[in-house]
Amino acid sequence: MIVEQIMTKNVHTLSPESTVKSALTLMRQHKIRHLPLSNENEEVVGLVTERDIKSTLPSFLKGEALEEHLHAPLSTIMNCNVITGHPLDFVEEIAALFYDHKIGCLPIVNNRKLVGIITSTDLLHTMVELTGANKPGSQLEVRVKNRPGALYEVTAVFHKHLVNVHSVLIYPDPDDEDYQILVFRIATINPIPVIDALKKEDLHVLWPNMPGMSSS
């Protein structure tokens, strides 16, 4: 899946010359927490977040002091080092950016112009859909040797039992680099027949490991 498929295209934006008050009003009106700032060429030149604004408006400010802060230009509080993405970036790559840089949003740029935005909420929603966590089913974890054909051996059992796979994730076994953990989301509420079939094929089921059940 690429970014263009999940990004918000109607992006609310202001300029660095806009006031803190205008940004606060826009955020409250549209219930957003991130506001890209652009110039006359629609190029991203900064970013202001709800947290940035709150940090400039201490609760003790009142009267003229508060008005002075509210009418300050956004250029005084904006983040100039904005990380951006491209519409054709893969969602997995974007997720890595969020993780590595601990950011809450990512303006999307094409030919230097702002064309969209993705927030951490958008990303979480997409990941839930990609993994099938929002669909009825069961989760299975199977430990296999890290070799060609291991994934096929497990899915062949699902095929034999007419069980559809919502998603599969793979990560290395933390205890042995020669093995991998396959995490399946399968379209059945009762996984026990499939688990029994996997074990008959000498496949190591890590989860579910219910009381009275052996994992091997």
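## Close-up views of a predicted model

**View 1. Helices H4 and H5 lie oblique to each other.** Welcome to the first close-up of this model, which is predicted. Two packed helices are described by the angle between their axes and the distance between the axes. Here, helix H4 spans residues 91-101 and helix H5 spans residues 120-131. Their axes come within 11 Å and cross at roughly 135°. That angle is neither over 145 degrees nor in the range of 65 to 115, so the pair counts as oblique. The crossing of H4 and H5 is left-handed. On the H4 side, the contact is made by Val91, Ala95 and Phe98, while H5 brings Ser120, Leu123, Thr126 and Met127. Sorted by class, the contact of H4 with H5 holds five nonpolar residues, two polar ones and no charged ones.

**View 2. Helices H6 and H7 pack with a right-handed crossing.** The axes of H6 and H7 are 10 Å apart, and the angle between these helices is about 135°. H6 and H7 are therefore oblique to each other. To find the contact, look for Val154, Val157 and Phe158 in H6, which meet Val194, Ala197 and Leu198 in H7. By class, this contact of H6 with H7 has six nonpolar residues, with no polar and no charged ones.

**View 3. The largest nonpolar core has 17 residues.** In soluble globular proteins, nonpolar side chains tend to be buried together. Which members of this core touch the most other members? They are Leu140, Val154, Phe158, Phe184 and Leu198. Four elements give two or more residues to this core: strand S5 (138-145), helix H6 (150-160), strand S7 (179-186) and helix H7 (192-200). Val154 is a good place to pause, with contacts to Val142, Val144, Leu182, Phe184, Leu198 and Leu203, not counting residues up to four places away in sequence. Another core, of 16 residues, lies apart from the largest one. Its members include Leu37, Val48, Leu57 and Ala72.

**View 4. Glutamate 153 sits in helix H6.** Is glutamate 153 buried, exposed or partly exposed? Its relative accessible area is 34%, so glutamate 153 is partly exposed. Leaving out residues up to four places away in sequence, glutamate 153 touches Arg147 and Leu203. Leucine 198 is 45 residues from glutamate 153 in sequence, and the two are 9.2 Å apart in space, C-alpha to C-alpha.

**View 5. Threonine 49 belongs to strand S2.** This strand covers residues 44-49. With a relative accessibility of 18%, threonine 49 falls under the 20% cut-off, and therefore it counts as buried. What does threonine 49 contact, once its neighbours within four places in sequence are left aside? The answer is Met27, Arg33 and His34.

**View 6. Asparagine 190 lies in the loop between S7 and H7.** This residue is partly exposed, at a relative accessible area of 43%. Now look for asparagine 10, which is 180 residues away from asparagine 190 in sequence. From C-alpha to C-alpha, asparagine 190 and asparagine 10 are 43 Å apart in space.

**View 7. Lysine 31 and aspartate 202 each have a positive phi.** Most residues other than glycine have a negative phi, and most peptide bonds are trans. Lysine 31 is not a glycine, yet its phi is about 55°. You will find lysine 31 in the loop between helix H1 (20-30) and strand S1 (34-38). Lysine 31 has a relative accessible area of 78%, which means that it is exposed. For aspartate 202, phi is near 60°, again in a residue other than glycine. Where is aspartate 202 placed? Aspartate 202 is in the loop between H7 and S8. Its relative accessibility is 72%, so aspartate 202 counts as exposed.

**View 8. A cis peptide bond leads from tryptophan 207 to proline 208.** Omega for this bond is near 5°. Proline 208 lies in the segment after strand S8, which runs over residues 204-207.

Note on methods:
Residues are numbered from 1 along each chain as its sequence is written. This is a predicted model: local features need pLDDT of at least 70, side-chain atom pairs count only at pLDDT 80 or more; totals for chains, interfaces and linings use all residues. Side-chain values use heavy atoms; hydrogens and water are left out. Axes are lines fitted to C-alpha atoms, for helices over the stretch in contact, and angles run from 0 to 180 degrees between N-to-C directions. Angles under 35 degrees count as roughly parallel, over 145 as roughly antiparallel, 65 to 115 as roughly perpendicular and the rest as oblique. A crossing is left-handed if the near helix is turned anticlockwise from the far one by less than a right angle, and right-handed if clockwise. Contact means heavy atoms within 4.5 Å. Ala, Val, Leu, Ile, Met, Phe, Trp, Tyr, Cys and Pro count as nonpolar, Asp, Glu, Lys and Arg as charged, and the others, Gly among them, as polar. A nonpolar core is a set of buried Ala, Val, Leu, Ile, Met, Phe, Trp, Tyr and Cys residues joined through side-chain atoms within 4.5 Å. Buried means under 20% relative accessible area, exposed over 50%, partly exposed in between (1.4 Å probe, protein chains only).
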